[in-house]
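Please open the structure in your viewer and keep the selection tool at hand, since this tour moves from one selection to the next.

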Amino acid sequence: MSDLKTALEGAAGEGIISSDQATRLLPYLAERNIGVKGATIRHDLSQPREDDVANPLEDSEAPRFIRGFHDVLITIGIIVLLVGLWGLTGYYGPLPAIIILAEILVRRQRLALPAVVLTIALVHWTFWVAVMHFGTQNAGGLGLMTSWMTIALPFPPLLALFYWRYRVPLSLAMLLFSLFTLLLAAVFYLIGLATGTSDVVLNYPLPSLGIMFAAALGAFAVAMRFDLSDPSRRTRRSDVAFWLHLVTAPALLYTAILLAFQIRAGSSGTFFAATAEYGGYAQALIIVAIVVIMMLVGLIIDRRAFVTAGLTSLGVAIGAILRQNNAGLDKVSFIVLMIVGLIVLVIGVGWPHLRRAVVRLLPASVQGRLPALR
């Protein structure tokens with residue numbers, strides 16, 4: 001208590017706070033065990049909630065979805081209502097309902113979880129309407145890419161309007177993804193026109209996977225643009241980055257794995273030949289190496305999506321390695337689950353320490369632009 005009192009009196013002497021403020025702050029801070037050495041920390045039900053919130057290891061990565069069970073209850077009502085409207089009216093009823101609900105719940109009340117659900121509902125509605133009207137057209141030749149572009153075309157304007165009106169971070173992330181999808185479809189369409197082939201991916205697997213990997217890198221660069229603009233993660237730019245990383249991480253992982261398989265198979269190998277030996281020893285080691293790189297990237301930028309995206313592939317790779325070493329088939333699945341679970345626990349519990357060890361190896365100029373170490 002004496003140290004706290006001395007510090008407050010010193011702050012008052014330097015003009016940072018007034019003497020009256022120092023007098024009133026002393027019991028306030030002492031009651032909350034702030035600046036009091038050897039204070040007893042309560043672990044029972046009488047402990048104030050703010051004591052739990054003031055955790056130096058608190059995760060600031062994910063957007064704040066829920067402010068109370070009120071949000072959950074409203075979200076359940078939204079889902080049930082929209083499903084019922086879809087069953088009764090087809091795709092005519094849900095869109096007006098989405099707009100009306102967004103005006104009330106998002107624009108006026110600023111409810112985060114309903115905003116996410118309504119954005120997903122708009123994307124779902126747009127996709128099915130586009131598929132029903134345009135998905136079965138242009139089936140032959142280069143029609144697949146034409147249908148792909150036609151289906152993706154309504155997304156940018158609708159999502160742009162939704163974001164302009166309601167400022168939902170997920171809608172901006174979806175808008176960016178739809179633009180990437182259109183660009184990718186246009187690139188494959190132009191390649192098909194230039195080469196005269198109706199299936200670019202199967203006929204030119206290595207260039208196709210290279211293009212997909214480059215698109216995933218482009219999406220990652222956009223996500224990092226939002227991330228680095230808000231390293232303290234206090235604005236909605238961080239929420240946009242969260243959604244971008246959530247999709248970019250698996251896109252980067254699987255395009256990198258398939259590209260590595262294709263390079264190993266050779267440029268003359270077909271797409272299916274490159275992935276036929278997915279359970280082989282060499283392929284398993286490739287998967288492990290790529291997953292480890294992705295986890296390091298996740299640690300550096302403080303995004304757990306890059307860890308969780310590779311867990312399934314890591315489990316498959318570990319199982320393949322165990323089978324190659326003649327492990328009992330009846331035990332392989334349980335060993336894989338145990339190893340993957342242990343990895344998840346080690347990374348989850350030790351995340352701040354692991355991240356600190358990795359980030360401190362980077363140049364100081366890079367460290368200064370990354371989220372702060374906790």
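The stops below take in a surface patch, two loop residues and one helix of a predicted model.

Begin by selecting Phe127, Trp128 and Met132, which together form a nonpolar patch on the surface with about 290 Å² of accessible area. Within this patch, Met132 belongs to helix H6, which spans residues 112-135, and the residue counts as partly exposed because its relative accessibility is 44%, a value that lies between the 20% limit for buried and the 50% limit for exposed.

Next, turn to backbone geometry, where it helps to recall that most residues other than glycine have a negative phi. Select Arg167, which is not a glycine and yet has a positive phi of about 55 degrees; you will find Arg167 in the loop between helix H8 (155-166) and helix H9 (169-195). With a relative accessibility of 37%, Arg167 counts as partly exposed.

Then select Arg233, which likewise is not a glycine but has a positive phi of about 55 degrees, and which sits in the loop between helix H11 (205-228) and helix H12 (236-265). Is Arg233 buried or exposed? Its relative accessible area is 8%, so Arg233 is buried.

Finally, select helix H18, residues 351-359, and highlight Trp351, Pro352, Arg355, Arg356, Val358 and Val359, which are buried. If you rotate the view to look down the axis of H18, these buried residues fall within an arc of 170 degrees, and therefore they line one face of the helix.

Conventions. Residues are numbered from 1 along each chain as its sequence is written. This is a predicted model: local features need pLDDT of at least 70, side-chain atom pairs count only at pLDDT 80 or more; totals for chains, interfaces and linings use all residues. Side-chain values use heavy atoms; hydrogens and water are left out. Patches are made of residues with over 30% relative accessible area and no salt bridge: like charges are joined within 9 Å, nonpolar side chains (Val, Leu, Ile, Met, Phe, Trp, Tyr) within 5 Å. Accessible areas come from the Shrake-Rupley method with a 1.4 Å probe; for residues, only the protein chains shown count as cover. A salt bridge is a side-chain nitrogen of Lys or Arg within 4 Å of a carboxyl oxygen of Asp or Glu. Helices (H or I, at least four residues) and strands (E, at least two) are DSSP runs, numbered from the N terminus. Buried means under 20% relative accessible area, exposed over 50%, partly exposed in between (1.4 Å probe, protein chains only). The arc is that of the directions from the helix axis to the C-beta atoms.
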